[in-house]
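User: I am new to this structure and would like a close look at one part of it. Please take a single sheet and describe how it is put together and what packs on it.

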Amino acid sequence: MKEQKFNYESNILLCDLDAFFASVEQRDHPEYRGKPLIVGGSAEARGVVATCSYEAREYGVRSAMPMKRAIKLCPQAIVVPPNISYYQKVSAQVREIMERFTPDIEVVSIDEAYLLFPAGEGLEKAAKIRQAVAEELQLPISIGVSSNKLLAKIACERAKPNNLKALWPEDIEEELWPLPVSVLPGVGPATKKKLQQRGINTVGDLAATPPDSLAKLLGKIGFSLHQFALGMDDRQITPKRQIKSISEETTFPYDLTDRETVMAVLMELAEDVGYRLRRESLRAKTISLKLRFSDFRTITRDVTLAEATNSDKVIYQKASQLFKRYGNSPPWRLVGIRASALEEHKQLTLLPRSLEQERESTVARVQDSLRDKYGFEVLYRAKRLHAKIKENRSHHLQID
Ligand SMILES: [Mg+2]
């Protein structure tokens with residue numbers, strides 16, 4: 001196994017707004033300050049807690065808890081519905097402040113971002129960012145500083161609420177190892193239980209366990225967890241603002257004349273494009289179709305949507321409409337789909353959605369998790385098989 005070294009060339013900050021939605025409401029409504037406040041959907045509509053103030057947390061109220069249960073725990077809590085588009089605006093104001101300090105920002109969610117600085121600058125920049133956010137926006141923000149994402153994240157958790165903390169590689173033994181294994185990313189309740197059964201309770205226990213036996217116990221993730229336990233993490237900061245378009249295209253193994261087969265390929269490409277958009281928390285307003293004919297003539301045609309999308313179905317519909325319209329005169333040599341005019345899209349599960357939207361995005365989510373788990377090949381194989389049974393034409397196509 002490759003030995004990883006600590007990267008001492010950069011500082012990484014994790015900035016996380018404290019109880020973000022609740023803090024915004026308390027800022028704007030002085031009468032909510034110092035009181036247990038819950039932002040979320042109503043109990044009658046089986047809503048859940050989006051965020052709650054630290055005062056509400058003292059009663060055991062937590063994010064994602066059913067509102068009914070939250071109110072039982074803290075009957076005197078003030079409950080307000082979330083105003084997501086407003087919080088997005090405030091989030092953008094926070095980002096503007098961060099951008100004054102560095103262009104290297106990876107937005108994780110509406111209230112969380114990683115920032116990259118040259119080594120030695122992290123602490124000073126973190127203090128300035130906290131000060132600017134407090135003075136200009138009157139919001140509490142916690143920042144963890146270190147040399148990698150893992151340690152910055154853990155430092156930030158320990159800084160909360162409304163503080164700044166560094167966790168450097170040389171502090172690992174003293175500060176990281178006594179913590180429970182659940183502080184590490186990827187350690188959910190099931191993994192935690194498996195580890196506990198082996199007497200592995202703290203990060204230090206994990207670090208002292210040979211990686212091979214962790215891999216035997218947990219699979220591949222055992223190796224990564226061992227690296228994490230040593231404070232090692234080579235995940236890079238990936239700024240999202242550079243993505244201008246996402247595209248997928250394929251050249252056929254031989255020129256195609258069968259329209260149906262091209263449509264099936266378009267569906268696969270649409271799913272790939274949709275998957276990548278969702279992965280990057282983006283939506284596209286423009287969908288383009290690229291088509292190359294057997295004489296190498298190449299055309300690109302696009303359509304602009306009324307509403308930006310990351311839906312496989314919508315991408316496929318638009319691409320196939322373009323193909324029907326402009327794809328005359330086979331044989332075809334190549335097809336491609338490109339999504340552009342991209343917009344940032346945060347996962348906002350609180351917004352009311354139609355049942356159909358819900359169902360479609362569930363299918364998409366399941367597919368995404370399958371792909372993460374097994375790779376793209378499995379889904380392709382399933383689809384090819386399906387096509388074989390359905391249309392008896394599996395021999396037409398092999399794209400890999
Ligand atoms: Mg937060």
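Analyst: Val39 has Val80, a residue of strand 4, as its bridge partner. This is a predicted model, in which local features need pLDDT of at least 70 and side-chain atom pairs count only at pLDDT 80 or more, while totals for chains, interfaces and linings use all residues. Residue numbers start from 1 along each chain, as its sequence is written.

Strand 2 (residues 37–40) and strand 4 run parallel and are joined by three bridges. Strands here are DSSP runs of E with at least two residues, helices are runs of H or I with at least four, and both are numbered from the N terminus. Two strands pair if DSSP finds at least two bridges between them.

Strand 2 and strand 4 belong to an open sheet of three strands. Its order is 3-2-4, and the pairing is mixed. Strand 3 (49–52) and strand 4 (78–80) are the edge strands, each pairing on one side only. From one strand to the next, the twist averages 25°; angles are taken between N-to-C directions and run from 0 to 180 degrees, with axes fitted to C-alpha atoms, for helices over the stretch in contact.

Helix 1 (residues 20–28) packs on this sheet. Helix 1 touches strand 2, strand 3 and strand 4, where contact means that C-beta atoms, placed from the backbone, lie within 7 Å. The direction of helix 1 makes about 120° with that of strand 2.

How values were computed
Two residues are in contact if their C-beta atoms, placed from the backbone, lie within 7 Å.
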